[in-house]
Amino acid sequence: MAILKIENLGVKYDGKPALNNVSFEVPENRITAIIGPSGCGKSTLLKSINGTIRGERGAEIEGKVYLKGQDTSLIPKEELHRRIGLVFQTPTPFPFSIYKNMVYAPKYYGINDKSQLDQIVEEKLKITGLYDEVRTELGKSAINLSGGQQQRLCIARALTVNPEILLLDEPCSALDVQNTAIIESLLKELKNEYTIVIVTHNIPQAQRLADQVVFLDGGNLVECGDADQLFDHPKIKETRDFLSGVFG
């Protein structure tokens, strides 16, 4: 069942096309990986899905994105960001304590009960495997965490408002092998509760994680399909060339 439908999506920056007539569906409780060479529109696509692009200077958007059948352009920005979370490539902890990072969004959306906030902090940090590592240091600055811990904190922070979809833009690109393995294991578990869309330049990572793959090139959707099928038997020559390293 599709939770998200992208229909004829086009994006231009100052008149220059970044995405061209992109259409595909995202199945619920699955991991969809978006792959393609640098500059092909992967990050633009993520920002279009959760509406972040709406406020970008010079951006023109055409087409539709539907969340459970609802046109996302009609959903208030704050509500859309709650329902579709976005975690960026570089970890972006706020420059205050771990605890304040974790309660920032719940408080913004109206939760002020201390016991409820404490429960959210513990629950979401446990999901990311971070709670036991920081439980005695919740009052310390999040900036002092390691890169891998910061990325897991950002994922946990995104989960504090129970989004329906979690978007991740190259979440492991700055991490070592050990932390990458931790994040990948986490994402496999999270898809039981959340729908995940991940941008990655790492083809082996996409092969390990994805249920569905979307291949973009030059702002165009070249091929989309079941991950095993696309990796083992791509239908389009351009996809075969990309996966074999001819370009990208």
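The following exchange goes through the sheet, its helices, the cysteines and Ser173 in a predicted model.

Colleague: Which strands are the edge strands of the open six-stranded sheet?
Modeller: The strand order is β6-β7-β8-β3-β9-β10, and the pairing is mixed. An edge strand of this sheet pairs on one side only. That description applies to β6 (84-87) and β10 (220-226).

Colleague: By how many degrees are neighbouring strands of this sheet turned against each other on average?
Modeller: The sheet in question is the open one with six strands. With direction ignored, the average turn between its neighbouring strands is 15 degrees.

Colleague: Do β3 and β9 pair in the parallel or the antiparallel sense, and which residue of β9 stands opposite Ala33?
Modeller: Strand β3 covers residues 31-35 and β9 covers residues 212-217. Four bridges join the two strands, and the sense is parallel. Opposite Ala33, the residue in β9 is Val213.

Colleague: Which helix touches β3, β7 and β8, and what angle does its direction make with that of β8?
Modeller: Helix α1 (residues 42-49) lies across β3, β6, β7, β8 and β9, at about 155 degrees to β7. The helix that packs on the sheet with contacts to β3, β7 and β8 is formed by residues 177-190. This is α7, and its angle to β8 is about 145 degrees.

Colleague: Why is Cys172 not in a disulfide, and is its residue buried or exposed?
Modeller: A disulfide requires two cysteine sulfur atoms within 2.5 Å. The closest cysteine sulfur to that of Cys172 belongs to Cys154 and is 13 Å away, so the pair is too far apart for a bond. With a relative accessibility of 10%, Cys172 counts as buried.

Colleague: How many disulfides does the count give?
Modeller: Cys224 is partly exposed, at 31% relative accessible area. Its sulfur is 14 Å from the closest cysteine sulfur, in Cys40, which is too far for a bond. The count of disulfides comes to zero.

Colleague: Where does Ser173 lie, and with which residue does its side chain make a side-chain polar contact?
Modeller: Ser173 lies in the loop between β7 and α7, and is partly exposed with a relative accessible area of 32%. Beyond its neighbours within four places in sequence, Ser173 is in contact with Gln89 and His201. The side chain of Ser173 makes a polar contact, at 3.0 Å, with the side chain of Gln89.

Colleague: Which backbone oxygen does the side chain of Ser173 reach, and at what distance?
Modeller: A polar contact needs N or O atoms within 3.5 Å. The side chain of Ser173 reaches the backbone oxygen of Glu170, at 3.3 Å.

Note on methods:
Residues are numbered from 1 along each chain as its sequence is written. This is a predicted model: local features need pLDDT of at least 70, side-chain atom pairs count only at pLDDT 80 or more; totals for chains, interfaces and linings use all residues. Side-chain values use heavy atoms; hydrogens and water are left out. Two strands pair if DSSP finds at least two bridges between them. Axes are lines fitted to C-alpha atoms, for helices over the stretch in contact, and angles run from 0 to 180 degrees between N-to-C directions. Contact means heavy atoms within 4.5 Å. Buried means under 20% relative accessible area, exposed over 50%, partly exposed in between (1.4 Å probe, protein chains only). A polar contact is a pair of N or O atoms within 3.5 Å; within protein, one must be able to donate a hydrogen and the other to accept it, and residues adjacent in sequence count only if both atoms are side-chain atoms.
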